[in-house]
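Student: I'd like a close look at one part, the ligand's surroundings: which residues surround the ligand most closely?

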Amino acid sequence: MTSQRILTGITPSGTPHLGNYAGAIRPAVEASQRPGVESFYFLSDYHALIKTDNPERVQRSTLEIAATWLAAGLRPERVWFYRQSDIPEIPELAWLLACVTGKGLLNRAHAYKAILDKNEASGEEPDAGVSMGLFMYPVLMAADILMFNAHKVPVGRDQVQHLEMARDIAASFNHRYGGDHFVLPEAAVDESVATLPGLDGRKMSKSYDNTIPLFAPAATLKKLVLGIVTDSKAPGEPKETEGCALFQIFQAFATPEETEAMRTRFAGGIAWGEAKEALFSKLESVIAPMRARYEELIDEPARIEQVLKSGAAALRAKYATPFIARLRKAVGLRPLDHIPIVPPGERIKAKTTQPQFKQYRESDGLFYFKLISSDGRTLMQSRGFTSPLDVGQTIADIKKGKDYKPWVERASIISDADIRQAIDAMNN
Ligand code: TRP
């Protein structure tokens, strides 16, 4: 049995904070130590270009994040640890995938739609501030994943749609070029991992400017912890643990027993100052050894460069280079020394026709439609309509992106991905 391949990307566009550690880094390092998995962790620096236009920041953040993962216990000799931009096969694959991706699919991306809505609300041009990089983001992400045929992709909720798109894109490619080139990847959203609150009690996030950097010097860490927002209960008054940022951060770093002991102290009216001291010393005890390793690593950027470069080189040799060669061949980017002979005057016939909706009437007197794929398969079949006008209107609505499911016999749906792809193809 082949092992499960788990892959995830970390975009180097900022400084890692406690939330990143508890929510992503720590669970990933733990997962990478389980037997029977082949793990891929990479710095998605091409993605970073979409989020920032500051070159120094990209470089600095790449160094910091690589050092963080290594300091947190990732073992580059046991997992694939690399930088996206060291694997030129990834952007090459992104182009091959772009050619089987309907623009309509990308139009539906939540992140993109959110910008459209914002622009509309403020009276801007719909696409103001949208680069092609941002628009194509899901395609590049699909390439990251499909390049290594990952089975599972641990991501946050906000990335689940991108995984659905990666599956759609993989299915289109497999379908168009015949064969099972790509594994259809699945999102793994771990509900049990903590999303940490930040200094102000909202989710800890760069965008709220409420983060606690993971490797801030001890004095800074202490100052930040003392600044965590609490209610105004006096010492001696019992304190709520529910919804208390201080308590939640403590819990994410403490053992269950320590957490229970703290809960008791809250009920017993611990002073906020004392609770903050306790949180600081808990954090410091977990972080200090990692921070020491981190500082050593940061001082030797050439060593980190070496780790990343050799990860990428080995990975290209084992997977990326042979795989892209196979894909190039599949799509027709082939050497010219072996070419099927076409008799003079005969043109190579176009293989595919457009997918299409067909309307028809059954012997029950009702009107129906079905969707035929470009290779002649029936992808779905409608319920009976009494009026042919309703059939026409429904088809028009579906083409415009309305949900088709209410009009279609459930059992007739061959594949949601194929249907959406066919509809996108018709609209292009
Ligand atoms: N888009 C992800 C994020 O912003 C990062 C990422 C890039 C990624 N490529 C990926 C995650 C591939 C998983 C798989 O968090």
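Tutor: One term up front: a polar contact is a pair of N or O atoms within 3.5 Å; within protein, one must be able to donate a hydrogen and the other to accept it, and residues adjacent in sequence count only if both atoms are side-chain atoms. Keep in mind that this is a predicted model, where local features need pLDDT of at least 70 and side-chain atom pairs count only at pLDDT 80 or more, while totals for chains, interfaces and linings use all residues. Residues are numbered from 1 along each chain as its sequence is written, and side-chain values use heavy atoms, with hydrogens and water left out.

Now to the site. The ligand is surrounded by 15 residues, and the closest are Gly 9, Tyr 137, Met 141, Asp 144 and Gln 159; a residue is near a molecule if one of its heavy atoms lies within 4 Å of it. Asp 144 puts a polar side-chain atom 2.7 Å from a ligand nitrogen. For Tyr 137, the distance from a polar side-chain atom to a nitrogen of the ligand is 2.5 Å, and for Gln 159 it is 3.1 Å. On its own the ligand has 370 Å² of accessible area, and the protein covers 89% of that (Shrake-Rupley method, 1.4 Å probe; for residues, only the protein chains shown count as cover).

Which elements supply the shell? β1 (4-10), α2 (45-51) and α7 (132-146) each give two or more residues, with α7 giving the most, four. Those labels are DSSP runs numbered from the N terminus: helices are H or I with at least four residues, strands are E with at least two. By chemistry, the shell splits into seven nonpolar, six polar and two charged residues. Here Ala, Val, Leu, Ile, Met, Phe, Trp, Tyr, Cys and Pro count as nonpolar, Asp, Glu, Lys and Arg as charged, and the others, Gly among them, as polar.

A quick word on the cysteines, too. The structure holds zero disulfides, a disulfide being a pair of cysteine sulfur atoms within 2.5 Å. Cys 244 is buried at 8% relative accessible area, whereas Cys 99 is partly exposed at 40%; buried means under 20%, exposed over 50%, and partly exposed in between (1.4 Å probe, protein chains only).
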